[in-house]
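Subject: A structure for you to explore

Hi there,

Here is the structure I promised to pass on to you. Have a look around it first, and then read on with the view open beside you.

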Amino acid sequence: MRKLLFSVVLLVSMPAISQSLNDYHYAIVPAKFEALKENDAYHLNSLTKAFLLKYGFITYLSTDEIPDELSNKRCTVLYADLIKDSSIFMTKVKLTLKDCKENIVFETEFGTSREKEYSLAYNQALRAAFKSFDKVPYKYNGKHDDKVSTPAVPAAPETPTVGATEIQATPTENNPELFFFAQPIANGFQIVDSEPRVIMRLFNTSQKNVYIAVKEDTRGVVILKNNQWFFEYYENSKLVSELLKLRF
């Protein structure tokens, strides 16, 4: 009987949480989570922004240029925070979304990882935590449309000409800014997307900002030019220079 009552309460409460979450279209992620010591530690803040974009929120880091009309209407926004409950053997985190009065509108279940490398462990744990959004599908209901106008999706930056074919990742409808993240490994970095899934490995060279790159069966280099990262390789005897929005 107790188990049945608990199930009924759970079924009643989940739509209420979903409805409250659906009242909000905007989210702000702090540059630094209180539970961690550095700005964007292990790229968790950037990754949180990427995940919230993926699930349909218009999302800003606190260091982004935030529209004045949004800054003046704080109660139309959700504020993200990361809760850590890790031990020596397990990394354990969950995400909370609070309103302007510090009330929790939504919180994920704890995501966990037993990876020893902190960067990978935190990324895996955060990914697992975000699966809670799949259980309570989010769709903005337009509640605050009369208070804040929806900004236009920013146009993709122009691709610089460097004498080779330029390829740029195409932004998705809910994710206008697609970034990849560099996680340290022995002798270099592994590049992961927001899943996080390893898409490429970089190996150090004797030159600063020049890496040997391996992407599936393709080998080339990743280099920094004009403050932008490029993956360069040969395809059918033609040099290809692929723009990477890469964060180390």
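Below is what I found in it, beginning with the salt bridges and ending with a few strands and a lysine. Please keep in mind that this is a predicted model.

**Salt bridges**

How many salt bridges does a search of the whole structure find? The search turns up eight, and here are some to look at.

Start with lysine 143 and aspartate 23, whose side chains form a salt bridge with an N to O distance of 3.5 Å. Lysine 143 sits in the loop between α5 (132–135) and β7 (165–167), while aspartate 23 sits in the loop between α1 (2–21) and β1 (26–29), so this pair ties together parts that are 120 residues apart in sequence. Are the two residues buried or exposed, or something in between? Lysine 143 is partly exposed, because its relative accessible area is 49%. Aspartate 23, with a relative accessible area of 15%, is buried, because buried means under 20%.

Next, find glutamate 107 and lysine 94, which form a salt bridge where the closest N and O atoms are 3.2 Å apart. Glutamate 107 belongs to strand β5 (residues 104–107) and lysine 94 to strand β4 (residues 91–98), so the salt bridge ties together parts that are 13 residues apart in sequence. Glutamate 107 counts as partly exposed at 36% relative accessibility, whereas lysine 94 is buried, with a relative accessible area of 15%.

Then move to lysine 215 and glutamate 242, another salt bridge, with 3.7 Å between the closest N and O atoms. Lysine 215 is in strand β11 (residues 210–215) and glutamate 242 is in strand β14 (residues 238–244), so parts that are 27 residues apart in sequence are tied together. In this pair, lysine 215 counts as partly exposed at 26% relative accessibility, and glutamate 242 is buried at a relative accessible area of 15%.

**Strands and hairpins**

Strand β11 also leads us to some hairpins. It runs antiparallel to strand β12 (residues 218–225), and six bridges join the two. One place to see the pairing is valine 214, whose bridge partner in β12 is arginine 219. Two residues lie between the strands of this hairpin, and glutamate 216 there takes a positive phi near 55°.

From β12 the chain goes on to strand β13 (residues 228–235), again antiparallel to β12, with five bridges between them. Here valine 222 stands opposite phenylalanine 231 in β13. Which residue takes a positive phi in the hairpin of β12 and β13? That is asparagine 226, with a value near 55°, and this hairpin has two residues between its strands.

Now look at strand β8 (residues 180–185), which pairs with strand β15 (residues 246–247) in the parallel sense over two bridges. Phenylalanine 180 stands opposite leucine 246 in β15. With strand β9 (residues 188–192), β8 runs antiparallel, joined by five bridges, and isoleucine 185 stands opposite glycine 188 in β9. In the β8 and β9 hairpin, with two residues between the strands, asparagine 187 has a positive phi near 70°.

**One last residue**

Finally, take a look at lysine 73, in the loop between α3 (68–71) and β3 (77–84). Lysine 73 counts as partly exposed, because its relative accessibility is 33%. Its C-alpha is 9.5 Å from that of cysteine 100, and the two residues are 27 apart in sequence.

Enjoy exploring!

Best wishes

Notes: Residues are numbered from 1 along each chain as its sequence is written. This is a predicted model: local features need pLDDT of at least 70, side-chain atom pairs count only at pLDDT 80 or more; totals for chains, interfaces and linings use all residues. Side-chain values use heavy atoms; hydrogens and water are left out. Helices (H or I, at least four residues) and strands (E, at least two) are DSSP runs, numbered from the N terminus. Buried means under 20% relative accessible area, exposed over 50%, partly exposed in between (1.4 Å probe, protein chains only). Two strands pair if DSSP finds at least two bridges between them. A salt bridge is a side-chain nitrogen of Lys or Arg within 4 Å of a carboxyl oxygen of Asp or Glu.
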